[in-house]
Amino acid sequence: MITLTLEEIADIVGGAVVDAPGGVEVTAPAFLDSRNPLPGGLFVAFEGERVDGHDFAPAAVRGGAAAVLGTRATGAPSVLVADTRAALQELARVVLARRRERRSPLTVVAVTGSQGKTTAKDMLARVLADGAPTVATAGSFNNELGLPLTVLGLDEHTRYLVLEMGARGVGHLAELCAIAPPDVSLVLNVGKAHIGEFGSQAQIAVAKGELVEALRPDGSAVLNLDDPLVAAMADRTTAHVLTFGRSGASGVRLGEVHLDDVGRPSFDLTHEGAVEHVSLRLLGEHQALNAAAVTATALAAGRPFAEITASLRSIDHLSRWRMQLLERADGLVVVNDAYNANPDSMRAALQTLARMGGSGRRTVAVLGEMRELGDDAGEEHRQVGLLADRLAIDVVVVVGADARGVYDALVEMRGQDERTRHVDTTTQAGEWLRENVAGSDVVLIKASRGGRLERVADMLLDGPDEHSDREEPVS
């Protein structure tokens, strides 16, 4: 965080300083969770339907926060405003704008896509951080609150600011880009995630393309040439366009991908005649295309090709619960991909599991609901079941009523036998698995975040959750 006094913050957001002696300074980023206060930080208090953050403001300050940004006095040093969210966004916008005016360079990189954006963002942040100080979105904190909080994490030494941007409708990315105008915009893909909210893939493309439209002429758009809806976004900007993909016309071309016995990819990347071979330590063939996207984006941000690929080779893990490869003492392999799911990522995960089974291991898929699919939900879950059968996944455990279509499709293909089970809760899934999988098996766990299937991984690796007896059925 760039140090600001409360008076400076109040001037930026049009607020008033209360309950504070003169000279109070905010020296650390803004934050929302009073249970984890940042010493010197700014606690941002929101009044929600169930919880009012102002009630926790004094505790946040006692825990080390310098002050509070909110709408009412709490007895703690505060800047009071009419609208906390608008004030937070304006503070981030102005802080970023002022930072850009200073002599030390700063490149803002925005990342979006229907799937894979958090993984690509994490890879990109690691690559850029190997070259210079980098601030990046934590997890998938990519909305109208998460983005300004990330922006406020930059300081005088930050060289790269990497912002994941999510959208739930047309206009959302334009609003985020108004807070943090990008210098480099990466669009990974236009898939079916959140199609229930957008209505069609065409509308998703309209929304994702706002990231490209926000670029100035001296910026760079990084586009997936293999995705026609993304490639077409080149017509929506006057900025430089750098493409990636398998096509020979790609600016960064991905060569043939080979997987080792646990599903780690190796491949060639080609850029302007130079070729670099990359063997990733990450799991899944889809990571190869992510690596191509990251390479193109890092090139646009100014990093050399050879240094980018060297950084990619060194990455051994990313965010937890995203194709996280874990191993139990007896040799059981667990692939925890419980953070999110949509039709495209579900297919990629199942294909990775099938390849891992090629080494002689029995494959077990624990699958929950894919959310926000609208009217297509039933058919998309059915297609997952059919794919699991085509890939010859040995055992499939389906968790929750809303994922039932996966189970029904498998029963249609296989009949009712021990290879396919349906359970209502994660606890039931974990208990069955602990009795029925062994060290020679590989278990994939995947669902949308609301399914909380990471509990199943915990039960397999560490024992049952202490609150499992109070668990509600997954719906």
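User: Which residues in α1 meet which residues in α3?

Analyst: Keep in mind that this is a predicted model. On the α1 side you have Ile9, Ile12 and Val13, and they meet Ala87, Glu90, Leu91, Val94 and Arg98 in α3. By character, the residues of that contact split into six nonpolar, no polar and two charged.

User: How do I describe the way two packed helices sit together?

Analyst: Two packed helices are described by the angle between their axes and the distance between the axes. Here α1 and α3 pack at an angle of about 105°, and their axes are 9 Å apart. Since angles of 65 to 115 degrees count that way, α1 is roughly perpendicular to α3.

User: What angle do α14 and α15 pack at, and how far apart are their axes?

Analyst: Helix α14 covers residues 377–390 and helix α15 covers residues 404–414; the angle is about 40°, with the axes 7 Å apart. That makes α14 oblique to α15. As for handedness, α14 passes α15 in a right-handed crossing.

User: Which residues of α14 and α15 meet?

Analyst: From α14, it's His381, Arg382, Val384, Gly385, Leu386, Ala388 and Asp389; from α15, Gly405, Val406, Ala409, Leu410, Glu412, Met413 and Arg414. This contact of α14 with α15 divides into seven nonpolar, three polar and four charged residues.

User: On to sheets. What is the strand order in the open sheet of five strands?

Analyst: Read across that sheet and you get β2-β7-β6-β5-β4, with mixed pairing. The edge strands are β2 (16–18) and β4 (30–31), each of which pairs on one side only. At the β4 edge, two bridges link β4 to β5 (residues 42–44), and these two strands run parallel. Ala30 stands opposite Leu42 in β5.

User: Which strands do α1 and α3 touch when they pack on that sheet?

Analyst: Helix α1 (residues 6–13) touches β2, β5, β6 (67–70) and β7 (78–80), and its direction makes about 15° with that of β7. Helix α3 (residues 84–100) touches β4, β5 and β6, with its direction at about 120° to that of β6.

User: Where is Pro77, and is Pro77 buried or exposed?

Analyst: Look in the loop between β6 and β7. Pro77 has a relative accessible area of 16%, and the cut-off for buried is under 20%, so Pro77 counts as buried. Leaving aside neighbours within four places in sequence, Pro77 is in contact with Leu6, Val18, Asp19, Ala20, Val61, Ala66, Ala67 and Val68.

User: What is the order of the open sheet of six strands, and which strands stand at the edges?

Analyst: The order is β18-β19-β23-β20-β21-β22, again a mixed sheet. β18 (324–327) and β22 (420–423) stand at the edges; each has a single partner strand, so one side of each is left without a neighbour in the sheet. From one strand to the next, the twist averages 15°.

User: How many bridges join β20 to β23?

Analyst: Six bridges join β20 (residues 362–367) to β23 (residues 441–446), and the two run parallel. To find one of the pairs, go to Thr363: its bridge partner in β23 is Val442.

User: Which strands do helices α13 and α17 lie against?

Analyst: Helix α13 (residues 343–356) packs on the six-stranded sheet, touching β18, β19 (333–337), β20 and β23, and its direction makes about 175° with that of β23. Helix α17 (residues 454–462) lies across β18, β19, β20 and β23, running at about 160° to β19.

Terms used: Residues numbered from 1 in each chain as written. Predicted model: local features only at pLDDT ≥ 70, side-chain atom pairs only at ≥ 80, totals over all residues. Heavy atoms only, no water. Pairing = 2+ DSSP bridges. Helix = DSSP H or I, 4+ residues; strand = E, 2+ residues; numbered from the N terminus. Contact = heavy atoms within 4.5 Å. Axes fitted to C-alpha atoms, helices over the stretch in contact; angles between N-to-C directions. Parallel < 35°, antiparallel > 145°, perpendicular 65-115°, else oblique. Left-handed = near helix turned anticlockwise from the far one by under 90°. Nonpolar A, V, L, I, M, F, W, Y, C, P; charged D, E, K, R; others polar. Buried < 20%, exposed > 50% of the residue type's maximum accessible area, 1.4 Å probe, protein only.
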